[in-house]
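Visitor: I would like to take a close look at one part of this molecule, namely the places where charged side chains meet. Could you guide me through them slowly, and then on to the nonpolar interior?

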Amino acid sequence: MISYGRLWTTMKKKNISQYALIHKYNISPGQITRLKRNESVSTHTIDMFCQILKCNVEEIMECVIDED
């Protein structure tokens, strides 16, 4: 499973709020909801977040291996 938990930590470190993502960077609220739910998003979306946050992909997402 892909987890976007690191995204919220990186946003906090960079002082970028969800409000700023929506209103300053024109990220749709639906995309933010998908990320909160660890649902699929496009590589374009991941790239936009990397550009906005000036970070690498591993600072936004990680693969969590199921133990089943």
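Guide: Let us begin with Arg34 and Glu39, whose side chains meet in a salt bridge with a nitrogen-to-oxygen distance of 3.4 Å, in what is, please keep in mind, a predicted model. Arg34 counts as partly exposed because its relative accessible area is 33%, a value that lies between the 20% limit for buried and the 50% limit for exposed. Glu39 is likewise partly exposed, with a relative accessibility of 29%.

A search of the whole structure finds two salt bridges, and one of them joins the side chains of Glu62 and Arg6, with 3.3 Å from N to O. This pair links distant parts of the chain, since Glu62 sits in strand S2 (residues 62-63) and Arg6 in helix H1 (residues 5-13), 56 residues apart. Here, too, both partners are partly exposed: Glu62 has a relative accessible area of 30%, and Arg6 has one of 35%.

Turning to the interior, the largest nonpolar core has 18 residues, of which Tyr4, Leu7, Leu21, Phe49, Leu53 and Ile60 touch the most other members. The elements that each give two or more residues to this core are H1, helix H2 (18-23), helix H3 (29-36) and helix H4 (43-53), and the largest share, five residues, comes from H4. If we follow Leu21 in particular, and leave aside residues up to four places away in sequence, we find that Leu21 touches Met11, Ile16, Asn26, Ile27, Ile32, Phe49 and Ile52.

Methods:
Residues are numbered from 1 along each chain as its sequence is written. This is a predicted model: local features need pLDDT of at least 70, side-chain atom pairs count only at pLDDT 80 or more; totals for chains, interfaces and linings use all residues. Side-chain values use heavy atoms; hydrogens and water are left out. A salt bridge is a side-chain nitrogen of Lys or Arg within 4 Å of a carboxyl oxygen of Asp or Glu. Helices (H or I, at least four residues) and strands (E, at least two) are DSSP runs, numbered from the N terminus. Buried means under 20% relative accessible area, exposed over 50%, partly exposed in between (1.4 Å probe, protein chains only). A nonpolar core is a set of buried Ala, Val, Leu, Ile, Met, Phe, Trp, Tyr and Cys residues joined through side-chain atoms within 4.5 Å. Contact means heavy atoms within 4.5 Å.
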